Amino acid sequence: MNEPAQLLAHPLVVVPGFMSDGRVWEPQIRFLSRHVPVTVAPVLNADRVEDVAASLLVHMPEKFTVIGAGLGGSIAMAMLETAPERIAGIGLIGSTPLPETPAKAAEREPWIIRARAGRLRGVMEEVIPAAALAPGPLRHQVMGQLADMAEDLGPDVFVSQSRMLQRRADQQATLMRAEQPGLVVCGVHDQIIPVKRQLFTAELMRNARIEMIEDAGHLPLMEQPDRVSAILHNWIVGDHAQHPVSEDLLDPVPEPVWVSRRSRRRPATPTPAPDPCAEVFTSEEDVLHLTSDYRASA
């Protein structure tokens, strides 16, 4: 398995998730750019993940480390499939190599119709519901921030990215062939890509480790930015920084990084109850013990 020094020798490319942009990576860019060049790869309008990956590869460095969140993880895996010799390492945050099920693909069609009709903000609350985030007072803030980004990107991007998710390919074989160091970052409250599925993702790769964040769900970049920064620093920089930094010494991130327009307009509403049919792992046996069992390098 490659040592952190080898990742440190290459630029870092980060890819945002569904209906998000470089704002979700601000704390990591601010911190990791002290050690490596960092580029945010925009998720361009296209109908297929593979088309976005091919377009981005034209503009990427000769060799680089890529980290993708959600849909960005699918794009990172497509880059790995297309040009494995250019990928120094791959990180996946709240992502899966599995294709979308027909039922989930069909569920997106009414969302697409409503987004085109000008109801994008409300649709985002269904695509990524509050129940998919960790419980706590930050839920409302994070949901508002996500809706702000979605409004800024607009309904055309929503439709395009929804089609990408519906048509994404099975990337299990890509990860199984990968010899690069891999990292999976998982929020234990994630109901969209549950814990067991992300464990499976890490197990597909030969040289991967998984890091679980107990106080995060599907959006750990927004829910626990300091913790994610510490994990990425440890994976990419390790002990090779001139002044190694522990998690406790990370620069404090202003709270909040940005204020939701929705939270400025109206007070917080009660958090919806979790879907009883959703696959969620909340018991101590199913979740909490996994942190110590699986945090080490595979």
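# From a helical salt bridge to the core of the chain

Glutamate 107 and lysine 104 are both found in helix H5 (residues 102-116), where three residues, about one turn of the helix, separate them. In this predicted model, the two side chains form a salt bridge whose closest N and O atoms are 3.3 Å apart. Neither partner counts as buried, because the limit for that class is under 20% relative accessible area. Glutamate 107 has a relative accessibility of 37% and is therefore partly exposed. Lysine 104, at 27%, is likewise partly exposed.

Other salt bridges have a different setting. The structure contains 14 of them. One joins arginine 108 to glutamate 100, with the closest N and O atoms 2.7 Å apart, and here both residues are buried. Another links arginine 227 with glutamate 211, the closest N and O atoms being 3.6 Å apart. This pair connects distant parts of the chain: arginine 227 belongs to helix H12 (residues 225-236) and glutamate 211 to strand S6 (residues 208-213), 16 residues apart. Arginine 227 and glutamate 211 are also both buried. In addition, Asp21, Arg23 and Asp152 are joined into one network by salt bridges that share partners.

The chain as a whole provides the context for these pairs. Its secondary structure consists of 14 helices and six strands, and 54% of its 298 residues are buried. Of the contacts between residues at least 6 apart in sequence, 79% join residues at least 24 apart. The chain exposes about 13,100 Å², of which carbon and sulfur atoms supply 53%.

Strand S1 (residues 12-15) is a convenient entry to the strands. Leu12 and Val14 point one way from this strand, Val13 and Val15 point the other way, and all are buried. S1 pairs with strand S2 (residues 38-40) in the parallel sense, over three bridges. Within this pairing, valine 38 in S2 is the bridge partner of leucine 12. Between S1 and S2 the chain passes through helix H2 (residues 26-32), and the resulting β-α-β crossover is right-handed. S1 also runs parallel to strand S3 (residues 64-69), to which four bridges join it. In S3, glycine 68 is the bridge partner of valine 15.

Glycine 68 leads onward to isoleucine 93 in strand S4 (residues 87-93). The two residues are 25 apart in sequence, yet their C-alpha atoms are 6.2 Å apart in space. Isoleucine 93 is buried, because its relative accessible area is 2%. Leaving out residues up to four places away in sequence, isoleucine 93 touches Trp25, Ile67, Gly68, Ala69, Gly70, Val185, Pro220, Leu221 and Val228.

Nonpolar side chains tend to be buried together in soluble globular proteins. The largest nonpolar core of this chain has 84 residues, among which Trp25, Ile67, Ile75, Met79, Ile90, Phe158 and Ile236 touch the most other members. Helix H4 contributes the largest share of this core, seven residues. Isoleucine 90 illustrates how such a residue is surrounded: beyond its neighbours within four places in sequence, its contacts are Val66, Ala76, Met77, Leu80, Pro181, Gly182, Leu183, Met205 and Trp235.

Helix H4 (residues 71-82) also contains serine 74. With a relative accessible area of 7%, serine 74 falls within the buried class. Apart from residues up to four places away in sequence, serine 74 touches Val49, Thr96 and Arg168.

The path ends at glycine 187, which is located in strand S5 (residues 182-187). Glycine 187 is buried, because its relative accessible area is 2%. When neighbours within four places in sequence are set aside, glycine 187 is in contact with Val195, Ile213, Ala216 and Gly217. Leucine 221 is 34 residues away from glycine 187 in sequence and 9.7 Å away in space, C-alpha to C-alpha. Leucine 221 is also one of the residues touched by isoleucine 93.

Note on methods
Residues numbered from 1 in each chain as written. Predicted model: local features only at pLDDT ≥ 70, side-chain atom pairs only at ≥ 80, totals over all residues. Heavy atoms only, no water. Helix = DSSP H or I, 4+ residues; strand = E, 2+ residues; numbered from the N terminus. Buried < 20%, exposed > 50% of the residue type's maximum accessible area, 1.4 Å probe, protein only. Contact = heavy atoms within 4.5 Å. Areas by Shrake-Rupley, 256 points an atom, 1.4 Å probe, with all protein chains shown as cover. Pairing = 2+ DSSP bridges. Right-handed = clockwise from strand over helix to strand, strands pointing away. Core = buried A, V, L, I, M, F, W, Y, C linked by side-chain atoms within 4.5 Å. Salt bridge = Lys/Arg side-chain N within 4 Å of Asp/Glu carboxyl O.
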